[in-house]
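Reader: I would like a close look at one part of this model. Please start from the inside and work outward.

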Amino acid sequence: MPELPEVETIRRTLAAHIKDSRIKDISLIWPSAVCGWKDKGFKELVLGRRITRLDRRGKYLLIRLDEEMTLIAHMRMTGRLNYYPDHREPEKHTHVVFTLEHGEVHFSDVRKFGRIQAIPTSLCIQESSLSKLGPEPLEPEFTPIVLKDHLAKKRVALKAALLDQCVLAGLGNIYVDESLFRAGISPQRQANTLSEEEIKQLHKSIQDVLQAGIDARGTSFRDYRDANGEKGQFEQALQVYGRGGKPCRICGKTLERLRLAGRTTVYCPKCQK
DNA sequence: CTGTGGCCCTGGACGC
DNA sequence: TGCGTCCAGGGCCACA
């Protein structure tokens, strides 16, 4: 499930292939995967435009086109963007094929949750799902003070607060659990009760885990692949996610599994207070 | 404000 | 082997 490190890896691998290329054709195999803007259809907005750069905001991939157009892509759980240098028949779950000057980009998604929206770049921030996003965790704007201020308003469980994209953009179930483990803080703690020291530790853990995830080119627990179809390597570094019932790698105590904010949550009852 | 649960989806794991 | 059931979950929305 692509979270910040996976989307960043997709961004990098895709950009290497498609930057400066023109979109010559679009095949909408499952048209619901895309949406246009106002009364303009997706094809109308996108066809013939050149890809100028790729950005990322939280878990959203932003494909910038010329004439001030942006494609906002969200993979949700199982979405993929694959680049192929040569023509290739769409696979079973491929919903959109972009034919470029050199090669093709296939958007596929087994569970059909992922979407690509076309929107004028000037409206990208205020009139899209990007508008409510919190700070970027790896940018200088994200400081322990910012984290503290955002958490101070939340009376919910810390895990729920960190999954909230308004608090912080880009964390999902995997990296929240991993961050909390590294910070030694329980996911059940009320978000606004952390001490200064705990905030600092959590801030550092979030940045460290995300950077390590990017360095490992993402986590391929189930479905994730980058634009070249390659798996990430971060799965082997996971300390708690997917390890419920197994021994903690630090203290040996059995990792506990519980349901929090509607998500499976794994933590060490001894290492995390 | 907050928590919960449903919705969108399919494939894989599991039980009988 | 085959069938039914459950689970995975990001974002959004309705509801208590």
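**From the cavity outward**

Author: The largest cavity holds about 70 Å³. Volume here means the space filled by probe spheres set on grid points, with points joined across faces, edges and corners. The grid has a 1 Å spacing and covers the protein atoms alone; a cavity is a set of points where a 1.4 Å probe fits but cannot get out, and a pocket is an open set with protein on both sides within 12 Å along at least five of seven lines. A lining residue has an atom within 4 Å of a point.

A word on the ground rules. The model is predicted, so local features need pLDDT of at least 70 and side-chain atom pairs need 80 or more, while totals for chains, interfaces and linings use all residues. Residues count from 1 along each chain as written, chains are lettered from A and ligands numbered from 1 in written order, and side-chain values use heavy atoms, without hydrogens or water.

Back to the cavity. Searching the whole structure gives 1 cavity of 30 Å³ or more. Its walls come from Ile 18, Ile 23, Ile 51, Ile 63, Leu 71, Phe 98, Leu 100 and Val 105. By class, that is 8 nonpolar residues, with no polar and no charged ones. The classes are simple: Ala, Val, Leu, Ile, Met, Phe, Trp, Tyr, Cys and Pro are nonpolar, Asp, Glu, Lys and Arg are charged, and the others, Gly among them, are polar.

Follow Leu 71 out of the cavity. This residue stands opposite Ala 118 in β9. β5 and β9 pair in the antiparallel sense, over 6 bridges. Strands are DSSP runs of E, at least two residues long, and helices are runs of H or I, at least four, numbered from the N terminus. Two strands pair if DSSP finds at least two bridges between them. The open sheet has 5 strands in the order β2-β9-β5-β4-β3, with mixed pairing. Its edges are β2 (34–35) and β3 (51–57); each has a single partner strand, so one side of each lacks a neighbour in the sheet.

Now the open spaces. The largest pocket has a volume of about 770 Å³. Its lining counts 29 residues, and Lys 59, His 74, Arg 76, Met 77 and Arg 263 are the closest to its centre. β5 (69–74), β9 (115–120) and β11 (263–267) each give two or more residues to this lining. The lining divides into 11 nonpolar, 9 polar and 9 charged residues. Domain 1 (4–132) and domain 2 (144–267) each supply at least three residues; the bounds come from an automatic or database domain assignment.

β11 has a partner too. Strand β10 (256–260) runs antiparallel to β11, joined by 5 bridges. Glu 256 stands opposite Tyr 267 in β11. The two strands form a hairpin with 2 residues between them, and Ala 261 in the turn has a positive phi of about 55°.

Next, DNA strand C. It is surrounded by 14 residues; Arg 76, Met 77, Arg 111, Asn 173 and Arg 263 are the closest. Near means that a heavy atom of the residue lies within 4 Å. This surface divides into 4 nonpolar, 5 polar and 5 charged residues. Of the strand's atoms within 4 Å of the protein, 62% are sugar or phosphate and the rest belong to bases. Arg 76 goes to a base: a side-chain N or O atom is 2.8 Å from a base nitrogen. The side chain of Arg 259 has an N or O atom 3.1 Å from a phosphate oxygen of DNA strand C. A polar side-chain atom of Gln 165 lies 3.4 Å from a phosphate oxygen of that strand. Polar contacts are pairs of N or O atoms within 3.5 Å; within protein, one must be able to donate a hydrogen and the other to accept it, and residues adjacent in sequence count only if both atoms are side-chain atoms.

The second largest pocket holds about 220 Å³. Among its 15 lining residues, Arg 80, Glu 91, His 93, Ser 108 and Val 110 are the closest to the centre. β6 (79–84) and β8 (104–109) each contribute two or more. The lining has 2 nonpolar, 6 polar and 7 charged residues.

His 93 leads to DNA strand B. An N or O atom of its side chain is 3.0 Å from a phosphate oxygen there. The residues around DNA strand B include Trp 30, Lys 92, His 93, Val 110 and Arg 111. A polar backbone atom of Arg 111 is 3.4 Å from a sugar or linking oxygen of DNA strand B. Arg 155 also uses its backbone, with an N or O atom 3.2 Å from a phosphate oxygen of the strand.
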